[in-house]
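Thanks for asking me to look this one over with you. Here are my notes, written for someone meeting the structure for the first time.

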Amino acid sequence: MRKIIIILAILFASVQTNGQQVSLNTNGKCDGITQVELQKMQRAKSGKEEIRLLAKVRDGFDARTLASQGITVGTKAGNIVTLRLPLNKLSLLQSSPDILQYSISQKIFPTMDRTRVDTRTDSVQQGLGLPRAYTGKDVLIGITDWGFDYKHPNYNNNGADNRRLLRAWDQFRLKGPAPQGYDYGTEIVGRHDLLEAGGDTSGLYGYATHGTHVAGICAGRGIEGRYRGQAPDANLLFASFYLDLPSWIDAVGWMKNVAKEEGKRLVVNNSWGMYTLGPIDGTSLASQAINNLCDSGIVFVTSGGNCGDDKFHISNTFNPSNTDTIRTIARYYGYQEIGEAITFWGEPGKHFDVSFAMFNENDSVCMPWVSTNDNGAHPWVHFTDGVYYLDSTMVASNGDRLHFELIVESSNIYNGRPHVILNVDKNTSYGILVAFTANEGTVHAWNVCILENGAGNMGASFSNNSLPYLTAGDNRCGIGEPACAEGAIAVAAHAALTTRNDGTVIPGMLASFSSKGPVIDGRRKPEISAPGTNVVSSISSYSDETYQPRMSFEHGGRTYIWSAMSGTSMSGPAVTGIVALMLEANKDLTPSQVRDILCQTAYNDRETGPLHANDSMSDAWGWGKVNALAAVNEALARVDIQQADENWFEKSLQVYPNPASERITIMTGRHTPEKVTIYAINGTEMMSLDVVMEASVDISSLPLGVYVLKCGARTARIVRQ
């Protein structure tokens, strides 16, 4: 293999663009990506165009000061605010003592019957083992997404008194008033106006359906009992938001205002994610905003990501005795993208070196750069502190060309980590040979696609091409933004359980696409798993795409369908709906209590392994599979005893499946050990065990027949067949 001849040591202060040296403003208020993107905008535009930013402000910040200068302040999430301003006023942020940090946002990509059984939600909706049924009544579910059908009967009750879908904010819609406190988009309030609007407008993803499908999983009423969602009586708020984080935070701020006005608890579902928005270790301004909003009582449930079957991550820990160079091939995702983004993060204060070149996939050789300046060789790049940006073209020895952008910062302002992002245009003849090394510390890299619309969160692999000097990637550290935020509950995906004709329950396996943890700062995510494969829910009747219907319903001259989708976009809303049930049972739960209860009550089976028994959290499953019945029970247990029905404990013994052939699940409804005994009809004791809340029991050794199960004063009749 020929020698790679560009070396990038991460220590710098100037910018080189096609051979020209330009200084960047290193004011310490924004990260390297923001500095580069704003400079590119200023060169390309007139300056009157508006940009959206997140900013961290000082205590005592007064929005009127910036507003008087033409800078719009939107949502306040603690000390994080959203800003909108013309490019030509950018210097005001740098000179303002109120603004401590600011960050530009890149584009965002959107990452049922068996679901209800798998998550035990069917029992909660029937009130089995509970003082009454819980269906999400008087709880608000906020869905931030795209592709909403406001008319879909899955969350409309068709009567004049329907109030389930309360409001929608379509940030793309120009007709009509914006929500109070905001000056863009249209707020649509009430059944009449929502039905007249029909659905959200076509945004970056056209007339989509993702939001309609997610809403049905969270809170769909189904048709004639089929495909019912998790919290079918919850109220809904829909926000079709611009594809950036400031607009999303504005959407959450609007939902928070509505929840306060309605006097209801709010859980927000986020079925989308990115890996190149900024630090994915929970330190970004967006993560800080989520944590601040959690402190105000909002519960955030977020899809964990769909890169579990992509070897899109690679890392290595270097030390003085191990300074080998790691080499790998960054492949393209497939046919949809126009390029790829390769992102590196190191450890604070521990620099690393990166190099890259074109790699000929056919003959497995590296094609080095040739003359890009007057002396006939590409210069070595040496850095001092600051931010480095290079917009250039690789030229192979055979004349092939490949455009790329390179952004490097020695110390990111949010986490102090050295950071490199390499954006490469697509060229199907070549992969990108990437190499990195360091004297000490751990270096992580991710490879994701870039779509034509500028978004993209699909992982593209790192490959060794079966060559001994190259290293293949892995699927670890796959939790991106916003799931990596401390305050967000990240959800993995698994297949829903199935039941054979003989009553045998087959637990669902982890979905291959489900992203795995941990976060690079060492935190364990995802927290929980829920069904996310072939989940049937509502499809927007306005969608540009065609879907295979599982069920159709005619109403008002339109055809509405239900169809199956897979992804953590489906498992996330399954948990969101369960949170609504928990908040109905106990409106005083804090977001951290909600998270703790979901984790403590998760159930384990042969697929998850004995996580709770070993006090171990899995990078794939979190604490296991979500258990709505146990979670609602625990939520009730934290209510003042005077508010609870004291007799409900005696109603809470459950056994399923029943009849069964091999195993039964026993649910006692109590968090202290309860002795459970199974007797034959003649009174002979067959087996006995202690159960805390729930246990799976092997009954295959029992003769076929009828038995009595006793738990204290409670009894149940079971059949082995």
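The points below go from confidence, through the cores and sheets, to a few single residues.

1. **Confidence.** Please keep in mind that this is a predicted model. The protein chain has an average pLDDT of 84, and 86% of the residues reach at least 70. Two stretches deserve a careful eye. Over residues 367-384 the pLDDT stays under 50, and the model has 49 contacts beyond four places in sequence for that stretch. Residues 641-649 also stay under 50, with 11 contacts beyond four places in sequence.

2. **The largest core.** A good place to start looking is the largest nonpolar core, which has 59 residues. I141, F238, M582 and L598 have the most contacts inside this core. Helix α10, residues 568-585, supplies the largest share of the core, with 10 residues. As background, nonpolar side chains in soluble globular proteins tend to be buried together.

3. **I141 up close.** What does I141 touch, once residues up to four places away in sequence are left out? Its contacts include C218, A219, A231 and A234, followed by N235, L236 and L237. V267 is also on the list, as are T576, G577 and A580. Of these contacts, T576, G577 and A580 fall within the 568-585 range of α10, which ties this residue to the helix of the previous point.

4. **A second core.** There is also a separate nonpolar core of 36 residues. Among its members are I249, A259, A286 and F300.

5. **Helix α10.** This helix has 18 residues and spans 26 Å from its first C-alpha to its last, close to the 26 Å expected at 1.5 Å a residue. Is α10 enclosed or open to the outside? Since 18 of its 18 residues are buried, α10 is largely enclosed by the rest of the structure.

6. **A four-stranded sheet.** Turning to the strands, you will find an open sheet in the order β35-β34-β37-β38, with antiparallel pairing. β35 (685-691) and β38 (714-720) are the edge strands, and each has a single partner, so one side of each is left without a neighbour in the sheet. From one strand to the next, the twist averages 20 degrees. Strand β37, residues 705-711, is joined to β38 by seven bridges, and the two run antiparallel. Within β38, T715 is the residue that stands opposite K710.

7. **E674 in that sheet.** E674 lies in strand β34, which covers residues 674-680. Is this residue buried or exposed? E674 is buried, at a relative accessible area of 14%; the cut-off for buried is under 20%. Leaving aside residues up to four places away in sequence, E674 touches T668, L689, D690, V691, C711 and R714.

8. **A three-stranded sheet.** Another open sheet has the order β32-β33-β36, again with antiparallel pairing. Its edge strands, β32 (654-656) and β36 (694-698), each pair on one side only. The twist in this sheet averages 20 degrees from one strand to the next. Three bridges link β32 to strand β33, residues 663-667, in the antiparallel sense. Y656 has T665 of β33 as its bridge partner.

9. **A hairpin.** Strands β5 (residues 72-77) and β6 (residues 80-86) pair in the antiparallel sense over four bridges. One of the bridge pairs is A77 with I80 in β6. Two residues sit between the strands of this hairpin, and G78 takes a positive phi near 65 degrees.

10. **D619 in a loop.** D619 is placed in the loop between α11 (591-601) and α12 (628-637). With 22% relative accessibility, D619 counts as partly exposed. Which residues does D619 touch, not counting those up to four places away in sequence? They are K516, G517, P518, R524, K525 and P526. For K516, the C-alpha separation from D619 is 5.4 Å, although the two are 103 residues apart along the chain.

11. **A330 in a strand.** My last stop is A330, found in strand β15, residues 326-330. A330 is buried, with a relative accessible area of 0%. Beyond four places in sequence, A330 touches E340, I342, G431, I432, V434, N447, S461 and F462. Its C-alpha atom is separated by 8.4 Å from that of F312, which is 18 residues away along the chain.

Notes:
Residues numbered from 1 in each chain as written. Predicted model: local features only at pLDDT ≥ 70, side-chain atom pairs only at ≥ 80, totals over all residues. Heavy atoms only, no water. Core = buried A, V, L, I, M, F, W, Y, C linked by side-chain atoms within 4.5 Å. Buried < 20%, exposed > 50% of the residue type's maximum accessible area, 1.4 Å probe, protein only. Contact = heavy atoms within 4.5 Å. pLDDT = per-residue confidence, 0-100. Pairing = 2+ DSSP bridges. Axes fitted to C-alpha atoms, helices over the stretch in contact; angles between N-to-C directions. Expected span 1.5 Å × (residues − 1).
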